[in-house]
Amino acid sequence: MKLYKGFLLSTIIVLLVFNGWIWQQVYFQTLAEPAIYFLNIGQGDSQLISFPSVKILIDGGRDQRVLSELDKVLPDFDDNIIDLVILTHPDSDHFGGLIEVLKNYKVGAFVSNGQLGKGKKFKELQKTLVNSNLRAINILTGDKIRYQDYLIRIISPDLVALNKDNKNEASIVLLLEVNGNKVLLTGDIGFETENRLLQEYDLKSDILKVAHHGSRFSSGREFIEQVNPRISVIEVGKNPYGHPHPQVLEILASANSTIYRTDVDGTIKIILDKK
């Protein structure tokens with residue numbers, strides 16, 4: 001697997017977003033406050049980071065439902081452009097909808113941890129990537145994505161996690177820093193990765209995307225206490241797994257975090273202004 005150094009990846013992505021048709025988008029789009037959307041796509045994950053003139057989609061849920069949610073939140077004049085698509089890990093409730101996204105949107109680049117999924121659905125994703133002639137970039141702990149004054153730091157997975165046979169623990173974990181706000185996006189990591197991150201990073205964040213849809217195997221008490229999020233978002237739909245688990249809800253509540261759920265609140269938009 002070919003991995004890029006942080007500074008090189010940053011340079012590639014900065015160049016990508018200012019290439020070709022992106023200039024047209026920059027020219028026509030009015031300035032807007034940066035925001036993050038937690039899309040209501042059922043039992044799965046999908047977040048849209050919206051910077052002025054740049055859109056980054058992280059995961060796409062299980063199916064084409066992501067398209068209707070994107071239609072609701074993207075402006076009409078650039079609703080067919082997404083600059084970066086990031087797949088946190090190759091589980092179907094994270095990559096399934098990206099097949100339709102790649103078929104219906106102009107995408108600048110596809111970013112993942114390089115792990116391969118199984119089954120016909122993932123093969124269809126691979127075929128769609130080839131047909132779209134997209135640049136595929138693998139990222140790892142230490143890589144960064146920069147745009148203007150905004151920063152996305154990749155804090156997981158490391159090589160050890162990638163070499164284990166556990167896709168959830170190898171999820172891409174992103175720490176978004178915008179206007180003094182910190183947003184921690186955790187994919188489907190469990191206790192193992194949470195505990196490692198506790199030893200390696202200052203995880204204090206204003207907003208937390210709760211790991212693994214509120215699974216009882218994630219969101220340990222010490223982890224939540226260290227993150228200490230003002231807002232916690234659980235992306236979840238009807239499921240047989242008991243997500244979100246009552247213990248997770250209790251831990252978040254004990255940390256005085258305001259909890260939002262896509263199955264209850266629908267798509268959630270948080271404006272990342274200086275306030």
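A residue counts as exposed when its relative accessible area is over 50%, and as buried when that area is under 20%. Keep these two cut-offs in mind. The model you are looking at is predicted.

Start with helix α3, residues 65-73. On one side of α3, D71 and K72 are exposed. Elsewhere in α3, V66, L67, E69, L70 and V73 are buried. Why do the buried residues of α3 line one face of the helix? Seen down the axis of α3, they fall within an arc of 165°, so they line one face. A general rule helps here. An α-helix has 3.6 residues a turn, so residues three or four places apart point the same way. What do the buried residues of α3 pack against? Their partners are β1, β2 (47-51), β3 (54-58), β4 and α4.

Several of those partners are strands, and they belong to a sheet. This open sheet has 7 strands, in the order β6-β5-β4-β3-β2-β1-β14, and its pairing is mixed. β6 and β14 are the edge strands, each with a single partner strand, so one side of each is left without a neighbour in the sheet. On average, neighbouring strands here are turned by 20° against each other, direction ignored. In general, strands of a sheet pair through backbone hydrogen bonds, either parallel or antiparallel.

Now walk through part of this sheet. Strand β4 (residues 81-86) runs parallel to β5, and 5 bridges join them. Here L84 stands opposite A109 of β5. β4, helix α4 (residues 92-104) and β5 together make a right-handed β-α-β unit. From β5 the chain crosses through helix α5 (residues 119-132) to β6, and this β-α-β crossover is right-handed too. β5 and β6 (residues 135-138) pair in the parallel sense over 4 bridges. One pair of bridge partners is S112 and N138, the latter in β6.

How is β5 (residues 106-112) placed in the structure? Of its 7 residues, 6 are buried, so the strand is largely enclosed by the rest of the structure.

Move to the other edge of the sheet. Strand β1 (residues 35-38) and β14 pair in the antiparallel sense, over 4 bridges. F38 has I268 of β14 as its bridge partner, while A35 is matched with I271. Strand β14 (residues 268-271) has two faces. I268 and I270 make up the covered face, whereas K269 and I271 make up the uncovered one.

Next come the nonpolar cores. The largest has 29 residues, and I49, F51 and I56 touch the most other members. A second, separate core has 26 residues. It includes L48, V85, L98 and F110.

There is another sheet to visit. It is also open, with 7 strands in the order β7-β8-β9-β10-β11-β12-β13 and mixed pairing. Which strands stand at its edges? They are β7 (144-147) and β13 (258-261). Each has a single partner strand, so one side of each is left without a neighbour in the sheet. Neighbouring strands of this sheet are turned by 15° against each other on average, direction ignored.

Look inside this sheet at β11 (residues 207-209) and β12 (residues 231-234). They run parallel, joined by 3 bridges. I207 stands opposite I231 of β12. Helix α7 (residues 191-200) packs on the sheet, where it touches β8 (150-156) and β9 (173-178). The direction of α7 makes about 120° with that of β8. Helix α9 (residues 246-254) lies across β12 and β13, and runs at about 140° to β13.

Finish with a single residue, S205. Where is S205 found? It sits in the loop between α7 and β11. Is S205 buried or exposed? Its relative accessibility is 1%, so it counts as buried, given the cut-off of under 20%. Leaving out residues up to four places away in sequence, S205 touches L175, K182, L184, V227, N228, P229 and R230. S205 and I224 lie 19 residues apart along the chain, and their C-alpha atoms are separated by 10.0 Å.

Technical notes. Residues numbered from 1 in each chain as written. Predicted model: local features only at pLDDT ≥ 70, side-chain atom pairs only at ≥ 80, totals over all residues. Heavy atoms only, no water. Buried < 20%, exposed > 50% of the residue type's maximum accessible area, 1.4 Å probe, protein only. Pairing = 2+ DSSP bridges. Right-handed = clockwise from strand over helix to strand, strands pointing away. Axes fitted to C-alpha atoms, helices over the stretch in contact; angles between N-to-C directions. Contact = heavy atoms within 4.5 Å. Arc of directions from axis to C-beta. Core = buried A, V, L, I, M, F, W, Y, C linked by side-chain atoms within 4.5 Å.
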